[in-house]
Number of protein chains: 2
Amino acid sequence: MLSIGQLSEATGVKVPTIRYYEQIGLLPEPDRTGGNRRLYGEATRKRLAFVRHARDLGFPLESIRELLRMSDDPERSCVAADDIARRQLRAVKARIARLIALRDELERMLEMCSRGTIAECRVIETLGDHALCAEDHAGGEGEV
Amino acid sequence: MLSIGQLSEATGVKVPTIRYYEQIGLLPEPDRTGGNRRLYGEATRKRLAFVRHARDLGFPLESIRELLRMSDDPERSCVAADDIARRQLRAVKARIARLIALRDELERMLEMCSRGTIAECRVIETLGDHALCAEDHAGGEGEV
DNA sequence: CTACTTCCTCTAGCCACTAGAGGAGCAAGA
DNA sequence: TCTTGCTCCTCTAGTGGCTAGAGGAAGTAG
């Protein structure tokens with residue numbers, strides 16, 4: 001049996017995050033020791049590893065919740081799981097396309113920088129006037 | 001002079017967002033009509049267009065705040081502005097690299113899916129066992 | 001004058017955590 | 001036995017960048 005700290009170590013998920021997942025019902029409420037500490041078994045460790053991995057692949061928690069529900073029911077068709085993954089793939093591709101447009105625009109902007117004063121700064125100027133852009137990168141989801 | 005709705009139209013920034021920007025000090029408090037409505041001039045329109053454009057390029061509001069401070073002082077060297085843009089470019093590139101790894105992993109996962117039952121679902125299985133992954137895509141920032 | 005639209009302020013919610021307060025349990029060393 | 005230091009507990013609030021909704025006032029067209 002693992003303490004929350006050990007589970008955190010084993011899965012790479014931070015302790016408060018594990019408690020958060022419990023709170024939102026993604027992980028079951030674990031047994032406790034006499035001193036009220038959480039105790040986890042192998043099943044929860046696997047479940048958390050699943051969550052971690054899916055998060056690393058960018059799945060939102062709601063999708064992960066669905067996937068977990070499915071994996072609890074091995075008789076069902078996997079078409080729904082496939083659809084979730086496919087949706088995620090589409091989202092990832094869209095983000096890549098958008099980010100590549102941003103990257104190109106930023107590179108263009110920086111190439112023109114003459115490192116003079118702000119008054120002649122291409123970076124500031126380009127940001128101030130969308131019309132100076134090569135491509136239309138606007139109207140996205142607002143990445144960082 | 002523009003009403004908040006007209007400013008919103010002109011810049012593509014939603015009305016509540018404009019008020020939000022004012023609240024956090026990114027836009028100055030505008031003049032008001034007798035009926036307490038906001039009235040904007042050309043200067044604020046330009047400032048908001050700048051913010052919008054920078055947001056579209058993924059700059060966080062804090063960077064935008066810095067850039068605006070700089071653009072208010074045209075005598076200064078633009079090296080700092082350049083640095084902010086360079087930092088943003090690095091961040092964008094890192095995100096692209098990460099997303100491409102995710103995309104590949106998702107594609108690999110989906111290719112293997114035989115559309116049978118959950119019990120033999122590669123999607124679920126792959127998510128459950130990180131060791132099945134081709135590359136090491138873990139340890140990122142948790143995209144969506 | 002009435003109906004409709006735009007605007008006002010204020011509060012709360014979104015996602016997926018993260019940080020911090022204030023306290024209790026527990027193991028090792030002096 | 002006491003103390004030190006670590007892990008753990010619960011609870012609340014904060015993050016970024018908005019978005020949604022309540023409840024009301026102002027402006028405009030017919």
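This is a short chat about how a predicted model places protein residues around two DNA strands.

Reader: Start with DNA strand D. How many residues surround it, and which are the closest?
Author: DNA strand D is surrounded by 17 residues, and the closest are Ser3(A), Gly5(A), Arg19(A), Arg38(A) and Tyr21(B). Of the strand D atoms that come within 4 Å of the protein, 79% are accounted for by sugar and phosphate.

Reader: Which helix gives the most to that surface?
Author: Helix 2 of chain B, with three residues. Helix 1 (4–11) of chain A and helix 2 (15–23) of chain B each supply at least two residues there.

Reader: What lies 3.0 Å from a phosphate oxygen of DNA strand D?
Author: An N or O atom in the side chain of Arg55(B). Polar backbone atoms also approach phosphate oxygens of strand D: one of Gly35(B) at 3.4 Å, and one of Leu61(B) at 3.3 Å.

Reader: Now DNA strand C. Which residues are closest?
Author: Tyr21(A), Ser3(B), Gly5(B), Arg19(B) and Arg38(B), out of 17 that surround strand C.

Reader: Which side chain has a polar atom 3.3 Å from a base nitrogen of strand C?
Author: That of Arg37(A). With phosphate oxygens of strand C, a polar side-chain atom of Arg19(B) is at 2.4 Å and one of Arg55(A) at 2.9 Å. Sugar or phosphate makes up 82% of the strand C atoms within 4 Å of the protein, and bases the rest.

Reader: How do the residues near strand C divide by class?
Author: Five nonpolar, five polar and seven charged. The largest share of that surface, three residues, comes from helix 2 of chain A.

Definitions and conventions: Residues are numbered from 1 along each chain as its sequence is written. Chains are lettered from A and ligands numbered from 1 in the order in which they are written. This is a predicted model: local features need pLDDT of at least 70, side-chain atom pairs count only at pLDDT 80 or more; totals for chains, interfaces and linings use all residues. Side-chain values use heavy atoms; hydrogens and water are left out. A residue is near a molecule or strand if one of its heavy atoms lies within 4 Å of it. A polar contact is a pair of N or O atoms within 3.5 Å; within protein, one must be able to donate a hydrogen and the other to accept it, and residues adjacent in sequence count only if both atoms are side-chain atoms. Helices (H or I, at least four residues) and strands (E, at least two) are DSSP runs, numbered from the N terminus. Ala, Val, Leu, Ile, Met, Phe, Trp, Tyr, Cys and Pro count as nonpolar, Asp, Glu, Lys and Arg as charged, and the others, Gly among them, as polar.
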